[in-house]
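Q: Got a minute to go through this one with me? I'd like to start with the interface and then look at the strands.

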Amino acid sequence: MNFRWKLLNDPWKIFTIIAFLLLTLLVVVSQIWIGVSSFQRDGGSFTVRTEKGGPRLLLEEETVSGFTLDSSCDGKYLVRQKKRMLYTLNGKAPGKMDITSLNGESISFMPDDDGGVVISAGPDQLWISQKIFSGLFEKSSSQQDLEVVNAEGKNITLQYNAGAFLLFSDRNKLFTLSNYLTFLSRSRYVTAIKNSFIVMVFSTAIAAFFGISLAYLYARFKMPGTSLVLTIVTMASISPPFLGAYAWRMLLGGSGLITRFLGLNWTIVGMHGVIWVISWLVFPIVFLLTYDSFTSLDHSLRECSMSLGGTPRRTFFFIELPLAMPGIINGLYMAMMTSFTDFGTPYVISLDLNVLPVLIYKEYMSEVGGNLSFASTGSMLMIFFSSLILTAQRFYLARRSYASIKSKQPSVRMPGRIRKIGINAATAVILLFAFLPHLTVLISAFFEWNVGVMTSRFTLGNFASLFHSNLSSVGVTLFTGITATFMDFVFGLGIAYVIVKKRYPVVANALNLLVMVPYLIPGTVLGLGFILIFNQPPILLTGTWVILVLAYFIRKLPYSVKSVESALYQVHSALEEAAKSLGAKPARSFFQITFPLIIGGIISGATLSFLQIMTEISATIILYRPPWKPMTAVIFENTIDAGADFGLASAMTVLLMALLYIPLYFVTIKARKAKEVRIESI
Amino acid sequence: MKASDNNSRLTTSVTIRNIQKNFGKLEALKQVSLDIREREFFTLLGPSGCGKTTLLRSIAGFEKPTDGKIFFNQKDVTDSPPWEKNIGFVFQNYALWPNKTVYQNVAYGLELRNKSGSFIKEKVAWALDMVGLGGIEKKFPEEMSGGQQQRVSIARALVIDPEILLLDEPLSNLDAKLRISLRKQIREIQRSLKLTAVYVTHDQEEALEISDRIAVMKGGEVLQVGVPEDIYNKPADLFVADFIGKANFLKGEVRNGFFYHSEGQVLQLTGYEAREGRATLFARPESLERIEKREGDCISGSIIHRYYLGNLKRYLIDIGNNSTLLWETCANFQEGDKICLKVNNYELYYA
């Protein structure tokens, strides 16, 4: 009784428990479902139909899985599952067949909810349903329902529509390792894993080469326009993730502008294109984190090395690079994760190149209503590989600890004339590559498109059609984005406060771990997990806006919590204690003292979350159903096939970029001001 | 009632009974009991980690004791949180709110008490005047020096007419000269307002100068409570003797009214009848006195180092077998001089 009273008296504890349960449901339960489903498999299925005009049955060979069917000379089929004889199927007349059990048990039957029939002989159950492809002039009134007309002992007679396909399936789920064995042995799946790694390694390497070298040059040399370059790269870092893919395809695809103009045989479609485009997608992350890391080095360490006789080259490789390594590793880690889990680029650039996220999506699309076991198996493998990458990163960082000493003055040198020209030229080329997609889209949005080919006719029609028929998706994006960001704000604030200030035993630690799990769940996998837990009562959410909001909320929660956490760590606990000593109760001291001090940091964090939510594609593509169709889904749909309306996609992208870059501009200005008012002044 | 009228201020005594505070396995306070009197300037003194700050924070209510009771004027306040008490707390790092002006910082406590605007204005002016900081109401904390910030922080604590003023190492972030002038100011404010103040510091010189009474703490326990003179001259044990000021310790044995130093020197003990047994003799450097001629027993040695302290000189004296003594006097000697010393005031600590 006393315990209960205490619990109710501490609102933070109640909040902690609610947050814990919500996260457990959304993160843990959904992943466990994926895990369970990856170990499950249907018993198998096959489809038969009656031969035209005759009594004989015909098996659709390519539909058989889990069963073995042998035809005997008299037109009967012998059905076996794992070497056990189950039934014989015997066509009697068009639309009539006998089923006889062979396992010694008599057959019973019952209709199921979808107009089918379930027959069972002892432990062996079969679901039977018919699918009618009506001919053009046939009357639908002549349809015969699937029904059992006679049943005695081991024999049963089934009547159905004469031209129908009959699906026999064993829906009993078995626990098995076979999904994994299949996944790791079939070349289609193994190739997907291999491709994912190739894309990850090469894209990260290319991005690292450009990102790290450019970042070093800008950190060390006083270059005009540094802040402009930083702004541009920051802008590039929040582009829609598949923008590069379809812009490059517009330029260099099979019927791309440049390809046709130059009459090239070569196109960007393929692995090389995926690697190239993803390199530019992750380049800004590497650049920005590396730049921060180099500029925050204590320059006296570098000068010390020089004073002891170290040449600039030696100093770079033995002093600066190792000291900047934590930031660089962090950037490389984010780049690896992004390139490993990116769904949009490979899907848009090359439809037949399988990487893991694309494979999961395809398996999911072809198995709707099924048990999603291969999609789940792929998801589990993705999480496994993501965890490996994370472990490697943590392991590397844990072995070294560097005090982060902020230098008062950044150590910048004036570049020589030639060096300056070189840096400017490199910057121009790199930024051109990074922004070519944006320019392409911006220009192409104002031209007429004809069956996937851009014409030279200027038009505003793309925007007109956007406002005419697709405006609702702008609303969906803004609504789901704002709702999810608000939830991130509330829960991020609360969870960070509990972790930093409350430190409840066990629960706070558990929450701290739990909140970081979404960090390594790829969007595709998160979407799949949500489908698995929310497509059945009691929580039926698939196809609603709620499921999109929840997915966005969970994906950005780790960033939200971490940004509030770091803001809270900068507010010394004595500030709140001072208010308490003067008579302010805890809630009041939090809202009047701590909150105003951290709100600036939180708002910039929340805005960045919002911008990233607006460009989310990998979970969206699995979860959205019309009419709740976000902008990214519209763009995506209009970029994947060759004859799609690129004009509409471009117009939508231009609008999306406007929605992204205007808030970003205000956030960067705010961030600069926030730096001037130093919160950590005590 | 006028804002500057302080006669109606409550005076508060603090009674601490068997306070125990555990952080996990660490015992930060071990059964501490203290009586802090009304209008007293009481200092908790000890090295870092001795539990003095934990004790102060327990009095304020920031920490809940694991066991034991705390009373303000016989009223049990062990479980009351800080916002239910009327305390002024001054933090080591000032804890001024960086987004509020000096005026807003000081006025906050009065706003919480729903005072009228004119009252707040008058009272804030009074408090800033108390700490000698008129006319800086519109400044932000980071525009001020550390000393000014700490005085604003004191004004913020005083403005609510606290029953008791609690200060947690308020001067340790300031430079030496400012520390000395500000501690005098704190003491004057406490005297003029007739406040009960509990002051935490690790600086023994500071404690001796401003306190009415001092509690010396170590490892979560109170070793000695007393007025500064007693703490200095009659330390309760060797730790207190060593922690406060400079001290000489000689290990040896007391026999027949003589102290036999283990390294061979012999001293005649005067003043009172000394118990016999193995003991450590403690003497302050200034209680040694040079004697011209060897009369009876004295300690002889040679000066190996001379420290010039202005009016005083401190000598390090080698008395043989790796033992040294410190001696403070006005007289001038050279390094290498041979001298004989007798001990005027001493304490004996038996093993």
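What follows is a short chat about the contact between the chains and about some of the sheets.

Q: Is this predicted or experimental?
A: It is a predicted model.

Q: OK. How many residues does each chain put into the contact?
A: Chain B gives 21 residues and chain A gives 22 residues.

Q: And what area is buried between chain B and chain A?
A: About 2,000 Å². Carbon and sulfur atoms give 63% of that.

Q: Which three residues supply more than any others on the chain B side?
A: Trp83(B), Trp97(B) and Leu112(B). Together they supply 30% of the area that chain B buries against chain A.

Q: How many salt bridges between chain B and chain A?
A: The count is 1. Glu577(A) and Arg57(B) meet through their side chains, at 2.6 Å from N to O.

Q: How many residue pairs are in polar contact across the interface?
A: There are 6 such pairs, with both residues at pLDDT 80 or more.

Q: Which elements of chain B give two or more residues to that side?
A: Strand β6 (87-90) and helix α2 (102-112) of chain B. The largest share is from α2(B), with 3 residues.

Q: What's the make-up by class on the chain B side?
A: The side touching chain A has 13 nonpolar, 3 polar and 5 charged residues.

Q: Switching to sheets. What is the strand order in the open sheet of chain B?
A: The order is β6-β7-β8-β3-β9-β10, so named in chain B, with 6 strands and mixed pairing. The edge strands are β6 and β10 (221-226) of chain B, and each pairs on one side only. On average, neighbouring strands are turned by 15 degrees against each other, direction ignored.

Q: Do β3 and β8 of chain B run parallel or antiparallel?
A: Parallel, with 5 bridges joining β3 (41-45) to β8 (196-201) of chain B. Phe42(B) has Val198(B) as its bridge partner in β8(B).

Q: Which helix packs on that sheet?
A: Helix α5 (176-193) of chain B. Helix α5(B) touches β3, β7 (164-168) and β8 of chain B, and its direction makes about 140 degrees with that of β3(B).

Q: Over to chain A. What does β11 of chain A pair with?
A: Strand β6 (96-101) of chain A is joined to β11 (155-159) by 5 bridges, antiparallel. Asp98(A) stands opposite Thr157(A) there. Strand β10 (147-152) of chain A also pairs with β11(A) in the antiparallel sense, over 5 bridges. In that pair, Glu147(A) is opposite Gln159(A).

Q: How many residues sit between the strands in the hairpin of β10(A) and β11(A)?
A: There are 2. Gly153(A) takes a positive phi near 55 degrees in this hairpin.

Conventions:
Residues are numbered from 1 along each chain as its sequence is written. Chains are lettered from A and ligands numbered from 1 in the order in which they are written. This is a predicted model: local features need pLDDT of at least 70, side-chain atom pairs count only at pLDDT 80 or more; totals for chains, interfaces and linings use all residues. Side-chain values use heavy atoms; hydrogens and water are left out. Contact means heavy atoms within 4.5 Å. Buried area is the accessible area (1.4 Å probe) that two parts lose on being put together, summed over both. A salt bridge is a side-chain nitrogen of Lys or Arg within 4 Å of a carboxyl oxygen of Asp or Glu. A polar contact is a pair of N or O atoms within 3.5 Å; within protein, one must be able to donate a hydrogen and the other to accept it, and residues adjacent in sequence count only if both atoms are side-chain atoms. Helices (H or I, at least four residues) and strands (E, at least two) are DSSP runs, numbered from the N terminus. Ala, Val, Leu, Ile, Met, Phe, Trp, Tyr, Cys and Pro count as nonpolar, Asp, Glu, Lys and Arg as charged, and the others, Gly among them, as polar. Two strands pair if DSSP finds at least two bridges between them. Axes are lines fitted to C-alpha atoms, for helices over the stretch in contact, and angles run from 0 to 180 degrees between N-to-C directions.
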